[in-house]
Amino acid sequence: MAMPDTHTAPAKATDRPRGLQYFPIVLFASAMGFSGTTIAAMRIEPLLGLPPAFSLLLLTLTSLLFIVQIFLLLYRVFAYPEEVRRDFDHPVRMNFFGAVSISFMLLAAAYLDVAPSVAAVLWWIGAPLHLLITLAVLRKLIVQSRFEIVHYNPAWFIPIVGNLIAPIAGVAVAPPDVNWFFFSIGIVMSVVYIPMFFYRIYFHNPIPLKLLPTFFILMAPPAVGLVSYVKLTGQFDGFARVLYGFAFFIGLLLVVLFPMFYRVPFFLSWWAYTFPSAAITIATVLMYHETGVEAYRYLAYVQMIALLILLVDFSRRTLGLMARRELCVKED
């Protein structure tokens with residue numbers, strides 16, 4: 001099956017049907033981005049000797065954003081179930097349902113030191129929900145006959161990576177076997193998915209321009225895996241260094257590929273830049289604490305500054321779409 005022309009300009013949003021029935025499931029990547037940035041800020045503030053004022057502000061904004069998005073998703077589920085099914089039948093959008101449950105677990109990690117009881121509730125909603133979404137997505141991939149290798153893109157990592165996130169807050173609220181269960185799913189399936197990605201990129205038509213930002217998702221499995229592994233084992237060993245090393249290598253690869261990303265016009269898929277960038281920032285802070293190497297501390301500062309720039313810029317651009325009534329439009 002031929003891929004669409006990656007250089008064809010997207011249809012204008014004003015030419016498409018609009019309304020809340022088309023609220024984009026992809027936008028939950030923004031909740032992931034805000035949550036990841038909040039956690040990163042919580043890790044950076046002590047290094048700078050700052051009180052947690054900024055991270056608490058981010059936590060409040062993230063919580064409000066997530067509540068609004070959950071409300072709109074539930075509205076779609078009950079008012080326009082056919083549109084929700086249409087999203088779940090799409091080879092890209094179906095994976096962003098995992099961003100919903102991931103956001104629950106990330107907020108659980110953010111609330112863990114602030115309100116442990118809230119964190120526990122969020123985790124016990126998000127983790128089982130994510131397992132169900134993972135199973136539902138994998139079942140669809142196994143039983144369907146429409147998807148081909150050209151449909152594969154880094155967004156397919158989202159349901160898989162979410163399992164690696166579970167132990168970050170889960171170690172404080174769930175039994176060890178439950179956390180290892182989620183970690184094993186995420187780490188083994190990541191080993192499966194990464195070779196598939198490079199095979200897709202090397203030997204098939206280019207990924208559509210709109211999906212190029214999802215390349216950043218490749219940083220998430222090893223970066224999140226590092227944090228979860230250290231949380232689960234309580235130790236920092238050679239395997240932990242391998243996870244960070246691979247995450248850092250992917251980051252360098254993305255820097256080399258920057259001209260390719262720079263020419264991409266703004267899509268909601270740009271939010272895919274944020275959570276992986278937050279994940280590598282959090283992992284770098286962890287590397288500093290575990291090794292004491294000052295270079296990691298200064299690298300974390302640079303990564304945090306870049307992350308905040310992305311967050312502000314993407315928020316501005318997304319609000320611009322809302323102002324022009326181009327946010328909730330029917331997708332192809």
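This is a guided tour of a predicted model of one protein chain, moving from the whole fold to single residues.

**The whole chain**

Display the protein chain as a cartoon and colour it by secondary structure. Twelve helices appear, and the count of strands is zero. Reading from the N terminus, each element in turn is therefore an α element, as the order α-α-α-α-α-α-α-α-α-α-α-α shows.

Next, turn the C-alpha trace along its principal axes; the spans are about 55 × 40 × 35 Å. How does the radius of gyration of the protein chain stand against that of a compact globule? A compact globule of 332 residues would have a value near 20 Å, and the protein chain has 19 Å, so the two agree.

Contacts may be drawn at this stage. Among contacts in the protein chain with a separation of 6 or more, 80% join residues 24 or more positions apart.

**Surface and charge**

Switch to a surface view. The accessible surface of the protein chain is about 14800 Å², and carbon and sulfur atoms hold 71% of that area. Of the 332 residues, 56% count as buried.

Now select the charged side chains. There are 22 positive and 17 negative ones in the protein chain, and 6 Å separates the centres of the two sets.

**The nonpolar core**

Hide the surface and select Phe28, Trp123, Phe157 and Leu226. These are the residues with the most contacts inside the largest nonpolar core, a set of 119 residues. Which helix gives the most to this core? Helix α4, residues 97–111, does so with twelve residues.

Centre the view on leucine 226. Leaving aside residues up to four places away in sequence, leucine 226 touches Phe236, Ala240, Leu243, Tyr244, Ala283, Leu286 and Met287.

**Helix α5 and the loop after it**

Move to threonine 134, which is placed in helix α5. Its relative accessible area is 4%, and because buried means under 20%, threonine 134 is buried. Beyond residues up to four places away in sequence, threonine 134 touches Pro159, Ile160 and Asn163.

Follow the chain to valine 150, in the loop between α5 (116–143) and α6 (158–173). Is valine 150 buried or exposed? With a relative accessibility of 8%, valine 150 counts as buried. Add proline 206 to the selection: valine 150 and proline 206 are 56 residues apart in sequence, and their C-alpha atoms are 8.6 Å apart in space.

**Helix α6**

Select alanine 166, which lies in helix α6. This alanine 166 is buried, with a relative accessible area of 0%. Show its surroundings: apart from residues up to four places away in sequence, alanine 166 touches Met105, Trp123, Asn179 and Phe182. Of these, Trp123 was also named among the residues with the most contacts inside the largest nonpolar core.

A distance may then be drawn from alanine 166 to isoleucine 102. The C-alpha to C-alpha value is 8.2 Å, for two residues that are 64 apart in sequence.

**After the last helix**

Finish at arginine 325, in the segment after α12 (294–323). Arginine 325 is exposed, with a relative accessible area of 56%, whereas alanine 166 is buried. What is the phi of arginine 325? Its phi is near 55°, a positive value in a residue other than glycine. Most residues other than glycine have a negative phi.

Technical notes. Residues are numbered from 1 along each chain as its sequence is written. This is a predicted model: local features need pLDDT of at least 70, side-chain atom pairs count only at pLDDT 80 or more; totals for chains, interfaces and linings use all residues. Side-chain values use heavy atoms; hydrogens and water are left out. Helices (H or I, at least four residues) and strands (E, at least two) are DSSP runs, numbered from the N terminus. The radius of gyration is taken over C-alpha atoms; the globule rule is 2.2 Å times the number of residues to the power 0.38. Buried means under 20% relative accessible area, exposed over 50%, partly exposed in between (1.4 Å probe, protein chains only). Contact means heavy atoms within 4.5 Å. Accessible areas come from the Shrake-Rupley method with a 1.4 Å probe; for residues, only the protein chains shown count as cover. Lys and Arg count as positive and Asp and Glu as negative; His and the chain ends are not counted. The place of a charge is taken as NZ of Lys, CZ of Arg, CG of Asp or CD of Glu. A nonpolar core is a set of buried Ala, Val, Leu, Ile, Met, Phe, Trp, Tyr and Cys residues joined through side-chain atoms within 4.5 Å.
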